[in-house]
Amino acid sequence: MTPLDDPVLVRVLAADGSLAPTPAAERYLPLIDALTDAELETFYRDMVSIRAFDVQATNLQRQGQLALWPPSFGQEAAQVGSARAARAQDHLFPSYREHVVTRIRGVDPLDIIRLMRGLTHGGWDPTDPKNGNTHIYTLVLGAQTLHATGLAMGLVFDGKSGTGDPERDEAVIVYYGDGASSQGDVHEAMVFAASFQTPEVFFLQNNQWAISVPVATQSRSPLYKRGEGYGIPSLQVDGNDVLASYAVSKLALDEARAGGGPRAIEAMTYRMGAHTTSDDPTKYRTSDEEQSWGRRDPIVRMRAFLEGRGASQQFFDDADAEGRALADDVRTRTNELGGLPRVHMFESVYSEAHALIESEQRWLDDYETSMDGGAK
């Protein structure tokens, strides 16, 4: 696999937060230089807030409030940089771990909670303008890449990209992981994307582990080269460097939106937590590995960079307070959600009344009534 100090890797910030662009990052520096202090600080606040939310959601699952939780701890920079690079008219297709991507686009974090609690099949309405063209989570690995490519093909057919008007042209960015990159759906999506030159960015978050399978077992070469195999310009970025993630995503989206065809990005990052709360990473990886990646923490890195630029302690205190407020709000609203009436499982099977379903509902009603207290 490509070492993290390889010159082909796009990195702007070193692990200690100092500016240390790799040779591959040189072309992106003007995009980073154009960022304002407010934008840089927004990147940091995004990461801090979503980590607080993520920790809170993990705790809620452990307390029995959620059926499952997929942590994003450690992957914040890849997600924040790429999401902040998208324009309002762009379409975003997450997998199931892009919590901060959805929040940046306007999705209420409680909608993710509702999904993981089993109260909804989708979470939010992607056609509602308040959700910023954010499509729903997809737990079927890689399936969202086909959905994204289909929509991107539609943009080509409808003349909604490559017109020369960046304020109107649209693009698509789709997120998936290193495990999903081995799914046939991803490769089929790339075939059609390349064939129809879709305005699309494939954003692969390589967090090093497909549940318990290391990425080295999945591929004998860097994963970004798979995109190159389909004729898609591809690159590798330090996914724990929010500035690099932003710059490569912005240029890729701009090029795709302008009619340049699809692009592929492999963001090298690390899943610091479990794959989901049903997983135990201590069974398959070492503490030395986790500590090594912990020293590359994206939030610590960006904080050091901002401190070097003169950001005040008050700013960092405020960012932490915003994160705590978000976590507290989510916890409060989660505890107020309640559950679904059991009749819902019967009402959602057929669009019209069905004798077998009615019989099964009566059986369950009688069974529940026979229990102590006659629970409903």
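In which helix is Asp-320 found? Select this residue to begin the tour, bearing in mind that the model is predicted: Asp-320 sits in helix α13, and with a relative accessible area of 29% it is classed as partly exposed. If you also select Gln-205 and draw a line from C-alpha to C-alpha, the two residues turn out to be 26 Å apart in space, while 115 residues separate them in sequence.

**The partner of α13**

Keep α13 (residues 313-335) on screen and add helix α2 (residues 37-62), since these two helices pack with their axes 8 Å apart and at an angle of about 35°. The crossing they make is right-handed. Colouring the contact of α2 with α13 by residue class will bring up eleven nonpolar, five polar and six charged residues.

**A second helix pair**

Next select helix α3 (residues 76-85) together with helix α10 (residues 242-260), whose axes lie 7 Å apart at an angle of about 35°, and which also cross in a right-handed manner. To see the contact itself, show the side of α3 formed by Ala-77, Ala-78, Val-80, Gly-81, Ser-82, Arg-84 and Ala-85, which meets Val-242, Ser-245, Tyr-246, Ser-249, Lys-250 and Leu-253 of α10. By class, this contact of α3 with α10 comprises seven nonpolar, four polar and two charged residues.

**The nonpolar cores**

Val-242 leads on to Met-302, because Met-302 counts Val-242 among the residues it touches. Leaving out residues up to four places away in sequence, Met-302 also touches Leu-13, Leu-40, Phe-43, Tyr-44, Met-47 and Leu-243. In the largest nonpolar core, which has 66 residues, Tyr-44, Leu-243, Met-302 and Leu-306 touch the most other members. Apart from this core lies another, of 19 residues, including Val-174, Phe-202, Val-215 and Leu-223. In soluble globular proteins, nonpolar side chains tend to be buried together.

**The sheet**

Now hide the helices and display the strands, which form an open sheet of six with parallel pairing, in the order β1-β7-β8-β4-β3-β2. At its edges are β1 (9-10) and β2 (91-93), each of which pairs on one side only. From β2, move to strand β3 (residues 172-177), which runs parallel to β2 and is joined to it by three bridges; in this pairing His-91 has Val-172 of β3 as its bridge partner.

Is β3 largely enclosed or left open by the rest of the structure? Five of its six residues are buried, so β3 is largely enclosed. On to β4: β3 pairs with this strand in the parallel sense over six bridges, and selecting Val-172 again will lead you to Glu-200, its bridge partner in β4.

**Across the sheet and into a loop**

Bring back helix α6 (residues 143-157), which lies across β2, β3 and β4 (200-206) and runs at about 165° to β3. The last stop is Ser-161, in the loop between α6 and β3. Is Ser-161 buried or exposed? Its relative accessibility is 16%, and since the cut-off for burial is under 20%, Ser-161 counts as buried. To view its surroundings, select Leu-155, Val-156, Asp-169, Glu-170, Pro-199 and Arg-257, with which Ser-161 is in contact once its neighbours within four places in sequence are left aside.

Definitions and conventions: Residues are numbered from 1 along each chain as its sequence is written. This is a predicted model: local features need pLDDT of at least 70, side-chain atom pairs count only at pLDDT 80 or more; totals for chains, interfaces and linings use all residues. Side-chain values use heavy atoms; hydrogens and water are left out. Axes are lines fitted to C-alpha atoms, for helices over the stretch in contact, and angles run from 0 to 180 degrees between N-to-C directions. Helices (H or I, at least four residues) and strands (E, at least two) are DSSP runs, numbered from the N terminus. A crossing is left-handed if the near helix is turned anticlockwise from the far one by less than a right angle, and right-handed if clockwise. Ala, Val, Leu, Ile, Met, Phe, Trp, Tyr, Cys and Pro count as nonpolar, Asp, Glu, Lys and Arg as charged, and the others, Gly among them, as polar. Two strands pair if DSSP finds at least two bridges between them. Contact means heavy atoms within 4.5 Å. Buried means under 20% relative accessible area, exposed over 50%, partly exposed in between (1.4 Å probe, protein chains only). A nonpolar core is a set of buried Ala, Val, Leu, Ile, Met, Phe, Trp, Tyr and Cys residues joined through side-chain atoms within 4.5 Å.
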